[in-house]
Amino acid sequence: MEERSMKTIKTRFEDVPKTFEALCALHPPRPIHDAMDLANTTEIAALFAGREGTMTPDQEDFFALLCGLIEDYERQNLPPFEPRKGIELLKELLAQHGMNGADLSRLLGTDRTLGNKILRSERSLTLAHVRTLAQHFSVNPGVFCQ
């Protein structure tokens, strides 16, 4: 059986081939079958990300093809993305930072019971709470408003 490994592409966008044929030689566009194929295809696609308007037409076509292959694989093999409610995200952030309801109360500058009430969905976050949490955890405030 053929031994496969992740390709490591150490190149700059400026060094990426300009023609479709040369791009196919760099990374033949084939259906993605496993995590290794996904990692290799994603690494190549990342070279083009954010370069819209500076690519040749062949590079644009190749990038679109790779993105389509990645989307097809993810749609067939990964669980669907389900946005989390703000309170679920808050609980996860607190856990990641080793914080509990009392710590949340201190962070929000409120009485010691409010943090636990928020976590049990007995009380809602105020706009001031959302601002404080967004700043503390360095996230977009909108994530708490879902």
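1. Contacts along the chain. In this predicted model, 59% of the contacts with a separation of 6 or more are between residues 24 or more positions apart.

2. Secondary structure. The chain contains seven helices and zero strands. Its pattern, read along the sequence, is therefore written with helix symbols: α-α-α-α-α-α-α.

3. Burial and surface. The chain has 146 residues, and 29% of them count as buried. About 9,700 Å² of the chain is exposed, with 53% of that area supplied by carbon and sulfur atoms.

4. Largest nonpolar core. This core is made up of 16 residues, and Val16, Ile32, Phe48, Phe62 and Leu66 have the most contacts inside it. Helix H2 (35-46) and helix H3 (57-77) are the elements that give two or more residues to this core. H3 provides the largest share, six residues.

5. Surroundings of Phe62. Which residues does Phe62 contact, leaving aside its neighbours within four places in sequence? Phe62 is in contact with Phe20, Leu23, Cys24, His27, Pro29, Ile44 and Phe48. Phe48 and Phe62 are both among the residues with the most contacts inside the largest core.

6. Another core. Apart from the largest core lies another one, of 14 residues. Leu108, Ile118, Leu133 and Phe137 are among its members.

7. Second largest pocket. Rolling a probe the size of a water molecule over the atoms shows where empty space is left. The second largest pocket has a volume of about 180 Å³. Its lining consists of 11 residues, with Ile87, Arg123, Ser124, Leu125 and Phe144 lying nearest the centre of the pocket. By type, the lining has five nonpolar, four polar and two charged residues.

Technical notes
Residues are numbered from 1 along each chain as its sequence is written. This is a predicted model: local features need pLDDT of at least 70, side-chain atom pairs count only at pLDDT 80 or more; totals for chains, interfaces and linings use all residues. Side-chain values use heavy atoms; hydrogens and water are left out. Helices (H or I, at least four residues) and strands (E, at least two) are DSSP runs, numbered from the N terminus. Buried means under 20% relative accessible area, exposed over 50%, partly exposed in between (1.4 Å probe, protein chains only). Contact means heavy atoms within 4.5 Å. Accessible areas come from the Shrake-Rupley method with a 1.4 Å probe; for residues, only the protein chains shown count as cover. On a 1 Å grid over the protein atoms alone, a cavity is a set of points where a 1.4 Å probe fits but cannot get out, and a pocket is an open set with protein on both sides within 12 Å along at least five of seven lines; lining residues have an atom within 4 Å of a point. Grid points are joined across faces, edges and corners, and a volume is the space filled by probe spheres set on the points. Ala, Val, Leu, Ile, Met, Phe, Trp, Tyr, Cys and Pro count as nonpolar, Asp, Glu, Lys and Arg as charged, and the others, Gly among them, as polar. A nonpolar core is a set of buried Ala, Val, Leu, Ile, Met, Phe, Trp, Tyr and Cys residues joined through side-chain atoms within 4.5 Å.
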